[in-house]
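Trainee: I would like to go through one structure by asking about its parts.
Mentor: Then begin by looking at it.

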Amino acid sequence: QVQLVESGGGVVQAGGSLRLSCAASGRTFSSSPMGWFRQAPGKEREFVASISWSGHNTASADSVKDRFTISRDSAKNTVYLQMNSLKPEDTAVYYCAARGLPSLGSWAPSLPTRYDYWGRGTQVTVSS
């Protein structure tokens, strides 16, 4: 059974930092892009950041650019999201996603429909 399990969420003051982790099990995603999305109460799920299979190419939403960094450790089948300078508007449930098919190019998709596997999410709350 394929599972993606997020961890590292919590409550932090504005300006603080958190590092989210997403550990995959049941199969390897070393040849597939992975991504992070988030959903705030009453809002649709939105793209945060993504990373190509090699880790050499990344993409991020304008709202988190220069503050959030995505990375991966394929040996550990894990993707990370380093979040700095957090703002109250970053408060949301953060979801990890992985594409099922291998994509050995520089592709780092931002559309949620490009991903086949999803974690259950981890809550991030930023207080002002």
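The questions below deal with a disulfide, a core, strand pairing, an arginine and aromatic rings.

Mentor: This is a predicted model, in which local features need pLDDT of at least 70 and side-chain atom pairs count only at pLDDT 80 or more, while totals for chains, interfaces and linings use all residues. Residues are numbered from 1 along each chain as its sequence is written, and side-chain values use heavy atoms, with hydrogens and water left out.

Trainee: Which residues form a disulfide, and how far apart are their sulfur atoms?
Mentor: A disulfide is a pair of cysteine sulfur atoms within 2.5 Å. By this rule the count is one disulfide. It is formed by Cys22 and Cys96, with the sulfur atoms at a distance of 2.1 Å.

Trainee: Which parts of the chain does the pair Cys22 and Cys96 tie together?
Mentor: Strands (E, at least two residues) are DSSP runs, as are helices (H or I, at least four), numbered from the N terminus. The torsion about the S-S bond of Cys22 and Cys96 is about -75 degrees, so this disulfide is left-handed. Because Cys22 lies in S3 (residues 18–25) and Cys96 in S9 (residues 92–98), the pair ties together parts 74 residues apart in sequence, namely strands S3 and S9.

Trainee: Is Cys22 buried or exposed?
Mentor: Buried means under 20% relative accessible area, exposed over 50%, and partly exposed in between (1.4 Å probe, protein chains only). The relative accessibility of Cys22 is 0%, so Cys22 is buried.

Trainee: Which element gives the largest share of the largest nonpolar core?
Mentor: A nonpolar core is a set of buried Ala, Val, Leu, Ile, Met, Phe, Trp, Tyr and Cys residues joined through side-chain atoms within 4.5 Å. The largest one has 31 residues, and Trp36, Leu81, Met83 and Tyr94 have the most contacts inside it. Its largest share is five residues, and they come from S9.

Trainee: Which strand forms a hairpin with S7?
Mentor: Two strands pair if DSSP finds at least two bridges between them. S7 pairs over six bridges in the antiparallel sense with S8, and one bridge joins Ile70 to Leu81. Four residues lie between the two strands of the hairpin, where Asn77 in the turn has a positive phi of about 55 degrees; the partner of S7 is S8.

Trainee: Which residue of S8 is the bridge partner of Cys22?
Mentor: S3 and S8 run antiparallel and are joined by six bridges. Five of the six residues of S8 are buried, so S8 is largely enclosed by the rest of the structure. The partner of Cys22 there is Val79.

Trainee: What joins the side chains of Arg38 and Tyr94?
Mentor: Arg38 is found in S4 (residues 34–39) and is buried, at a relative accessible area of 6%. A polar contact is a pair of N or O atoms within 3.5 Å; within protein, one must be able to donate a hydrogen and the other to accept it, and residues adjacent in sequence count only if both atoms are side-chain atoms. Arg38 has one with Glu46, at 2.6 Å. What joins Arg38 and Tyr94 is a polar contact of 2.9 Å.

Trainee: Why is the pair of Phe29 and Tyr117 called edge-to-face?
Mentor: Rings of Phe, Tyr and Trp (its six-membered ring) pair if their centres lie within 6.5 Å; planes under 30 degrees apart count as stacked, over 60 as edge-to-face and the rest as tilted. The search of the whole structure finds five aromatic pairs. The centres of Phe29 and Tyr117 are 5.4 Å apart, and the pair is edge-to-face because the angle of the planes is 65 degrees.
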